[in-house]
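This report describes a metal site and two pockets. The sequence and the structure come first.

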Amino acid sequence: MSDCLFCKIIAGEIPSSKVYEDDLCYAFHDISPQAPTHFLVVPKEHIQSVSAVNDENARIVGHIFAVIAKLADELGFAGPGYRVVSNIGQAGQQTVPHLHFHVLAGRDMTWPPG
Ligand code: 5GP
Ligand code: ZN
């Protein structure tokens with residue numbers, strides 16, 4: 001999608017700090033980290049949010065979770081634990097309308113979220 005911020009990041013038109021990349025997804029550090037480790041994992045295909053996940057594209061979401069689990073092992077935060085968050089729509093405080101999973105680690109999280 002030509003006017004989508006994350007599509008531009010995936011295409012390399014806007015610089016980002018890469019954590020991981022494969023054919024289906026791209027992971028990069030959040031520009032405004034909310035934890036010592038905070039990166040985003042996005043599908044390369046433009047999907048608006050979790051609300052747009054369906055039987056045709058759900059395979060990508062499953063793949064993204066497998067990637068997150070692998071990165072958590074490799075980066076050493078699987079043991080202590082971490083949080084995966086996806087904000088959806090206006091009430092969910094989604095600011096970029098391209099599906100993304102926040103991966104937050106390196107501190108104790110609080111609950112409930114704000
Ligand atoms: P949302 O609020 O939609 O759940 O999350 C969007 C996230 O994208 C925010 O945490 C925000 O800091 C991050 N973000 C916004 N613009 C950029 C950018 O240009 N580069 C990077 N790396 N992250 C961004
Ligand atoms: Zn997009």
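The arrangement around the zinc ion (ligand 2) is tetrahedral because its 4 donor atoms subtend angles of 104 to 116°. Four donors count as tetrahedral if all angles lie between 85 and 135 degrees. The protein donors are Cys4 (SG), Cys7 (SG), His46 (ND1) and His98 (ND1), at 2.0 to 2.3 Å from the ion. Donors are N, O and S atoms within 2.8 Å of the metal (3.2 Å for Na, K and Ca), and water is not among the atoms, so sites may look incomplete.

This is a predicted model, in which local features need pLDDT of at least 70 and side-chain atom pairs pLDDT 80 or more, while totals for chains, interfaces and linings use all residues; side-chain values use heavy atoms, without hydrogens and water. Residues are numbered from 1 along each chain as its sequence is written, chains are lettered from A and ligands numbered from 1 in the order in which they are written.

Cysteine 7 is buried (under 20% relative accessible area) at 13%. Histidine 46 is partly exposed (between 20% and 50%) at 25%.

The model also has pockets, that is, open sets of points on a 1 Å grid where a 1.4 Å probe fits, with protein on both sides within 12 Å along at least five of seven lines; lining residues have an atom within 4 Å of a point. A volume is the space filled by probe spheres set on the points.

| Pocket | Volume | Lining |
|---|---|---|
| Largest pocket | about 420 Å³ | 17 residues |
| Second largest pocket | about 310 Å³ | 19 residues |

Gln34, Arg83, Val85, Leu104 and Pro113 lie nearest the centre of the largest pocket. Nearest the centre of the second largest pocket are Phe6, Phe28, Asp30, Ile31 and Leu40.

Technical notes: Tetrahedral: all angles 85-135°; square planar, octahedral: opposite > 155°, others 65-115°. Buried < 20%, exposed > 50% of the residue type's maximum accessible area, 1.4 Å probe, protein only.
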